[in-house]
Amino acid sequence: MAEEKNNAPPDILTNDKTLEQLLTTEAISWATIHGVIMMDDTERTTTIHAPIGLLPAPIPKTSFDSMVAIAPLFNLLVDRISRDAKFINDTLSSAASSDEFTKNLLNIYNTARNEDGPTQPICLGLNRSDYMLQGSTGVPLQVELNTIAASFGCLSARVTQLHKYLIARHLSEHYKMENLPDNNAIVGLSSAIATAAKLYNKTNKCIVMIIPENERNAPDQRLIEYELWETHRLPMLRRTLAEINENAKLDSDKNLLLEEYNVAVVYFRAGYSPVHYKEERKEWDGLLKLNQSTSILCPSVGYHLAGCKKVQQALSAEGCVEGFMGDDDGKKLRAFFAGLWGLEKNDELTTTVIAKAIASPDDYVVKPQREGGGNNVWGEDLKKFLSSASVKERSAYILMERIKPGNFDAVLLREGKSKAGKCENEIGIYAAYIGDGQKEYLNQQIGHLVRTKFEGTDEGGVCSGFACLNSPLLV
Ligand code: ADP
Ligand code: MG
C-alpha cells in the first residue's frame, strides 16, 4: 500500500479529466494569489502565473540528498577560484581573446584588484548548482554552476507550498507528505543577505539589487525584498548598473553611498548578459565602481568569473579541482562532472573529440561564455559550428557531453492551459556562502529548484519559455 502512495501524477490523472481540470483551476488560482507569477511578456504592467508543473516531479531521494550534501563544497570551490588571479587569468585568457564580454569582465577583475585582492575581501555567494540525473544510472551530473543572479528560488519555494496544498486537499490518499521536502529558499536567500549586511560596519545601511531594464521576473526578486524588510528591517533599492554609475558615489574610503544610505550588500540579478550593457561604458563603469567599493558583492566579479563555463571545463582537467580542494574533496566533486572539453587547441585530443561530436551531435552540446538560457549550440548547428569555426572562434566555447535524463509523464501549465506529455527534470540546489578568504561565516544549502520540460526540448530556461517550475517528489 505504501508503495502505491508514490504514484506518479499521470497514474492519478489518466482517465480522470475531471480531476485534472479541478487541479488545474486550483493550481492557477493558488499560484496567482500567492505570487507564483511573472510580469506579462510585453508591457510588464500586469502579471500572469509562472509556468508550473501541475504535480511534483519524481526524483530519487538518494540523488536529491547527494546534491544537497555536496553544496557546501561547491561553495568553497567557487570562493577559492575567485581569489586565484593566476588561475582566473590563465583559464579565461583564450576565451577573452575572442569574446568581448568575457574580456570586459576579466579587465574589471584585474583593474579592481589591489595586490592582495579586492577592496572588500568578504564575498557573498548565492550559488545554484544545476544537475540532470543521467537516465541510465540516476547519477546527478552538473549542468552548470550559477554564481550570478541564480533566479527562481522564491517562486520555487512557493511551488512547493502550492503542491502541498493541492495534495493535502485533493490527493492525500495518493501521496506521503514527508516525500515533499520543505523549500525555505525565500528565508535562506534573504537571511544570507542580512548576515552579510551585519558584517558591514556602518549605520544607515541598504541593500542594492542590480536589475535589468524591463525585468519579467520581478515578483521572484520582490519576495526577497519584502522578506528583507519584514524580518530584518533592511531596505532594498532596485537599480540598474547605469543608475549605479550615475548616482552612487565612492567616498574617500571607497564606501559606496547611494542617496542617504551606505550600501552594505549589492545583490546582482542582472549583469550576466551583454544585453544588460546597452550603453556600454556606463554599465561597465558601474560594475567597476561596485568592485572597487567596500560593499559586499553577491557576486564579486571574481565569483562571476568562477561560474564561467570555461572554468567548469578547466576544473575537469586531471588534478585541477583536486588542486583547489585536496584529493578527497576533489574526488567527491568530480563525481558530479559530466564530460567536458576545451576547444582552444588543435591537438589530437581536441580534434578527436570534435570528430566524435560531428559524427553524433545529439550526444554533445557546445556552450559559449553566456548565462541566461538560449545560448547553447545543438544538433545540426553544433555540427556546422564545429566543422567550420576557426580555432580562435572556437576558443570562446566549450564542448560538453549531453546528459540524457530519464523521462516521466507530467502535466505542465502555461498561460492558463494544461498540456500532458513525456518530461525531463533539471534540479538546482541553492547554497549560501560568506567568507573573506580566511574565515568562513556561512556555508549551507538553502533551497532547491526543479524545472520540468517536455522531452526533446534542448534548452531549459523558465523565462525563455522552455521549462516549468516544479517541486520534487522524493521516491
Ligand atoms: P545557461 O547559463 O544559459 O543557463 P546552461 O548550461 O544551464 O546555460 O544550459 C541551458 C540549458 O540547456 C540547461 O538548462 C539544460 O536544459 C540544457 N543543457 C545544458 N547543458 C546540458 C547538458 N550537458 N546535457 C543536457 N542538457 C543540457
Ligand atoms: Mg542554466
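This is a tour of selected helices, strands and residues in a predicted model.

**Stop 1: two packed helices**

Select helix H7, residues 185-198, and helix H8, residues 218-232. Two packed helices are described by the angle between their axes and the distance between the axes. Here the angle is about 65° and the axes are 9 Å apart. The crossing of H7 and H8 is right-handed.

Now show the side chains at the contact. From H7, select Ile186, Val187, Leu189, Ser190, Ser191, Ile193 and Ala194. From H8, add Leu223, Ile224, Glu227, Leu228 and His232. By type, the residues of this contact comprise eight nonpolar, three polar and one charged.

**Stop 2: Ile224**

Stay on helix H8 and centre on Ile224. Is Ile224 buried or exposed? Its relative accessible area is 0%, so Ile224 is buried. Apart from neighbours within four places in sequence, Ile224 is in contact with Cys154, Leu189, Ser190, Ile193, Met236, Tyr267 and Arg269. Leu189, Ser190 and Ile193 also appear among the H7 residues of the helix contact.

For a distance check, pick the C-alpha atoms of Ile224 and Tyr175: they are 31 Å apart in space, with the two positions 49 residues apart in sequence numbering.

**Stop 3: the cysteines**

From Ile224, move to Cys154, one of its contacts. A disulfide is a covalent bond between the sulfur atoms of two cysteines. How many disulfides does the structure hold? It holds zero. For Cys154, the nearest cysteine sulfur belongs to Cys298 and is 13 Å away. Cys154 has 0% relative accessibility and therefore counts as buried.

Next select Cys468, which is likewise in no disulfide. Its nearest cysteine sulfur is that of Cys423, at 7.8 Å. Because a residue under 20% relative accessible area is called buried, Cys468, at 2%, counts as buried.

**Stop 4: a cis peptide bond**

Go to Cys298, whose sulfur was the nearest one to that of Cys154. The bond to inspect is the one joining Cys298 and Pro299: it is cis, with omega about 5°. Pro299 sits in the loop between strand E12 (296-298) and helix H11 (301-306).

**Stop 5: two positive phi angles**

Most residues other than glycine have a negative phi, and most peptide bonds are trans. Select Asn204, in the loop between H7 and strand E7 (205-210). Its phi is positive, about 50°, although Asn204 is not a glycine. Asn204 is partly exposed, with a relative accessible area of 42%.

Then select Glu259, in the loop between strand E10 (256-258) and strand E11 (261-268). Phi of Glu259 is also positive, near 50°. At 54% relative accessibility, Glu259 counts as exposed.

**Stop 6: a three-stranded sheet**

Finish with the open sheet of three strands, which has the order E13-E15-E14 and antiparallel pairing. Which strands stand at the edges? They are E13 (340-342) and E14 (364-368); each has a single partner strand, so one side of each lacks a neighbour in the sheet. From one strand to the next the twist averages 25°.

Look along the pairing of E14 with strand E15, residues 397-401: it is antiparallel and runs over five bridges. Pro368 stands opposite Tyr397 in E15.

Two helices can be added to the view. Helix H15, residues 348-359, lies across E13, E14 and E15 and runs at about 115° to E14. Helix H16, residues 379-388, packs on the sheet and touches E14 and E15, its direction making about 65° with that of E14.

Note on methods:
Residues are numbered from 1 along each chain as its sequence is written. Chains are lettered from A and ligands numbered from 1 in the order in which they are written. This is a predicted model: local features need pLDDT of at least 70, side-chain atom pairs count only at pLDDT 80 or more; totals for chains, interfaces and linings use all residues. Side-chain values use heavy atoms; hydrogens and water are left out. A disulfide is a pair of cysteine sulfur atoms within 2.5 Å. Buried means under 20% relative accessible area, exposed over 50%, partly exposed in between (1.4 Å probe, protein chains only). Two strands pair if DSSP finds at least two bridges between them. Helices (H or I, at least four residues) and strands (E, at least two) are DSSP runs, numbered from the N terminus. Axes are lines fitted to C-alpha atoms, for helices over the stretch in contact, and angles run from 0 to 180 degrees between N-to-C directions. Contact means heavy atoms within 4.5 Å. A crossing is left-handed if the near helix is turned anticlockwise from the far one by less than a right angle, and right-handed if clockwise. Ala, Val, Leu, Ile, Met, Phe, Trp, Tyr, Cys and Pro count as nonpolar, Asp, Glu, Lys and Arg as charged, and the others, Gly among them, as polar.
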